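Thanks, everyone. Let's walk through this one together, one sheet at a time. Have the model up on your screens.

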Amino acid sequence: MSKKHSELWKGQKWKKLRQDLFRLQRRIYKAVQAGDLRKARSLQKLVMKSRSAQLLAVRQVTQLNQGKRTAGIDGKESLNYRERIELVETLNHYGHTWFHSGLREVPIPKKNGKTRMLKIPTIADRAWQCLVKYALEPAHEATFHARSYGFRTGRSAQDAQKQVFQNLKSSCNGITKRVIELDIKKCFDRISHKSIMDRLLAPANLKIGLLRCLKAGICPEFPEQGTPQGGVVSPLLANIALDGIEDIHPSVRYADDMVIFLKPKDDAEKVLRKVEKFLDERGLEISQQKTKITKTTDGFDFLGWHMRVKQNGKFHCTPSVDNHRKIREKIKAVVNNSNYGAKVKAKKLAPIVKGWRNYHKWCDMDSSRDSLWFMKKAANRKFRKEKKTNRYQANELCEKAFPAVGYEQNGHVMVKGTKSPYDGDLVYWSRRNSKLYDNHTAKALTKQNHSCGYCEMRFIDEERVHLHHIDGNHHNWKKDNLMAVHQSCHQQIHWSKSKDKPIG
């Protein structure tokens with residue numbers, strides 16, 4: 001790999017590229033809002049041809065996405081700098097007439113003992129899908145329902161959690177209500193291609209490319225159905241097909257997970273018939289086994305939480321039994337691993353525990369189970385048995401392995417109505433995204449007025465915020481040594497200081 005390609009890739013003006021793409025996306029959003037679909041389609045074609053969008057799409061799937069090292073059917077796990085530049089050129093020449101390769105199938109076990117098939121595209125196909133998502137998402141964000149929260153920029157599971165609270169709190173007589181726990185049978189595998197195509201706001205050649213993408217992951221038994229689970233654009237396509245189901249009855253939806261709220265006089269069977277009719281038009285059906293009508297006082301599980309209304313009328317939310325079992329399994333797998341010592345275990349445990357606690361930070365976490373008290377004690381005992389680890393060192397490592405997170409039940413501030421990051425309200429979105437972080441990162445964001453310390457752009461998208469130590473000393477936590485930056489900016493800072501080497 002030549003140094004020329006390395007310098008060409010790292011020397012890109014990523015800040016300007018992001019600004020150029022966002023400017024186009026904002027124009028698409030405004031055009032759809034105004035009802036000018038012809039202008040929106042014209043702008044979508046510009047996104048597909050945009051060098052900025054092509055470079056950012058390749059960077060997203062090769063550097064930033066969590067599954068960036070997952071190989072497709074071609075066996076490629078990563079691309080060096082030369083291959084990335086070549087992929088950008090391929091997108092530029094063939095983006096409007098893209099043909100998908102096959103998908104690598106990986107079986108994923110489900111909690112009911114069955115398996116679902118994860119279908120993974122090649123890196124090149126993922127880059128094209130990411131480019132398509134850049135063009136499609138702002139158009140549909142202008143039309144999506146306010147109570148849809150799954151796989152949408154600027155929205156999260158915590159927004160759905162707060163929407164449930166708003167419907168079941170004591171002032172809304174939640175104690176008298178019932179809920180329909182709606183389960184759609186094999187949603188991603190059975191969703192009709194025609195229903196997606198009919199609802200797509202996109203130019204003709206982009207629709208053709210997406211249809212090829214859908215056909216690449218079909219089940220031979222159902223050739224006109226299914227979106228490949230594992231594709232970059234698949235969740236967006238599912239949202240497009242299911243959008244509007246929220247209008248049937250007061251409800252909250254996160255992708256294909258949905259809870260419908262019933263007042264005492266509401267006819268559950270009538271609501272379910274309307275839902276069945278809606279789903280039938282999209283090639284889907286309700287799972288009779290898993291769909292349940294439940295009293296709010298009995299409680300129900302939704303997105304990893306157990307929610308119920310207590311006898312005093314107050315809404316109560318805790319991590320579900322299944323969710324708690326999974327975190328215990330993850331912690332045990334690290335603690336009981338004999339391949340590394342207590343210090344490495346503590347380092348590996350910290351992000352697992354912190355991520356879990358942050359997800360549940362708006363729940364009631366006071367119980368010994370939910371505070372992970374027993375898991376912490378078990379880890380402490382294991383650490384003490386390690387060589388060269390005394391009681392005080394074990395205690396110190398446990399504190400690092402189980403970092404504290406502040407909790408406030410139902411304290412999450414829900415996203416306003418139908419607002420979208422593409423509406424151009426940068427101040428609202430940067431401040432909102434900054435609230436997702438705490439401790440040193442939160443202080444750095446406030447100090448920097450919610451802007452990246454490296455590129456100076458606002459934090460308005462889903463890219464993670466990293467904390468950079470300016471002097472390179474990760475033990476120096478003084479506020480003047482800390483800078484909040486985009487994940488990609490953090491990579492850029494360190495790569496500019498390091499020797500050239502291929503990374504994936």
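Strand 3 and strand 5 pair in the antiparallel sense, over six bridges. This is a predicted model, so take what follows as computed from that prediction. For a register mark on this pair, use glutamate 181, which stands opposite valine 259 in strand 5.

Now the rest of that sheet. It is an open sheet of four strands, in the order 4-5-3-6, with antiparallel pairing. Which strands stand at the edges? Strand 4, residues 251-254, and strand 6, residues 292-295. Each has a single partner strand, so one side of each is left without a neighbour in the sheet. The twist averages 20 degrees from one strand to the next.

Go out to strand 6. Four bridges join it to strand 3, residues 178-183, and the two run antiparallel. The mark here is valine 179, opposite threonine 294 in strand 6.

Now the other edge. Strand 4 and strand 5 are antiparallel too, with four bridges between them. Tyrosine 254 stands opposite aspartate 257 in strand 5. These two strands form a hairpin, with two residues between them. Look at the turn: alanine 255 has a positive phi of about 55 degrees.

What covers this sheet? Helix 12, residues 268-280, lies across strand 3, strand 5 and strand 6. Its angle to strand 3 is about 25 degrees. Strand 5 runs from 257 to 262. How many of its six residues are buried? Five, so strand 5 is mostly covered, taking under 20% relative accessible area as buried.

Next sheet. This one is open as well, with three strands in the order 7-8-9, and the pairing is antiparallel. Strand 7, 300-302, and strand 9, 315-319, stand at the edges. Each has a single partner strand, so one side of each lacks a neighbour in the sheet. Neighbouring strands are turned by 30 degrees against each other on average, direction ignored.

Strand 8 covers residues 305-309 and pairs with strand 9 over five bridges, in the antiparallel sense. Find arginine 308. Its bridge partner in strand 9 is histidine 316.

A helix lies across this sheet too. Helix 7, residues 157-168, lies across strand 7, strand 8 and strand 9. It runs at about 10 degrees to strand 8.

Leave the sheets now and go to helix 16, residues 391-401. Which of its residues are buried? Ala394, Leu397, Cys398 and Ala401. Seen down the helix axis, the buried residues fall within an arc of 105 degrees, so they line one face. The spacing fits the general rule: an α-helix has 3.6 residues a turn, so residues three or four places apart point the same way. On the other side of helix 16, Tyr392 and Lys400 are exposed. What does the buried face pack against? Helix 14, residues 342-359, and helix 15, residues 373-385.

One single residue before the overview. Isoleucine 123 sits in helix 6, residues 123-141. Is it buried or exposed? Isoleucine 123 is buried, with a relative accessible area of 3%. Set aside its neighbours within four places in sequence, and it is in contact with Val61, Thr62, Lys76, Glu77, Ser78, Leu79 and Leu87. Take leucine 79 from that list. Leucine 79 and isoleucine 123 are 44 residues apart in sequence, and 8.4 Å apart in space, C-alpha to C-alpha.

Now zoom out to the whole chain. It has 19 helices and eleven strands. The radius of gyration is 24 Å, close to the 23 Å that the globule rule gives for 504 residues, so the chain is as compact as a globular protein of that length. Along its principal axes, the C-alpha trace spans about 70 × 65 × 45 Å.

How much of the chain is buried? Of the 504 residues, 51% count as buried. The accessible surface comes to about 25,100 Å², and carbon and sulfur atoms account for 51% of that area.

Last item, contacts. Take those between residues at least 6 apart in sequence. Of these, 71% join residues at least 24 apart. The isoleucine 123 and leucine 79 pair, at 44 residues apart, is a case to look at on screen.

That's my part. Over to you.

Technical notes: Residues numbered from 1 in each chain as written. Predicted model: local features only at pLDDT ≥ 70, side-chain atom pairs only at ≥ 80, totals over all residues. Heavy atoms only, no water. Pairing = 2+ DSSP bridges. Axes fitted to C-alpha atoms, helices over the stretch in contact; angles between N-to-C directions. Contact = heavy atoms within 4.5 Å. Buried < 20%, exposed > 50% of the residue type's maximum accessible area, 1.4 Å probe, protein only. Rg over C-alpha atoms; globule rule 2.2 N^0.38 Å. Areas by Shrake-Rupley, 256 points an atom, 1.4 Å probe, with all protein chains shown as cover. Arc of directions from axis to C-beta.
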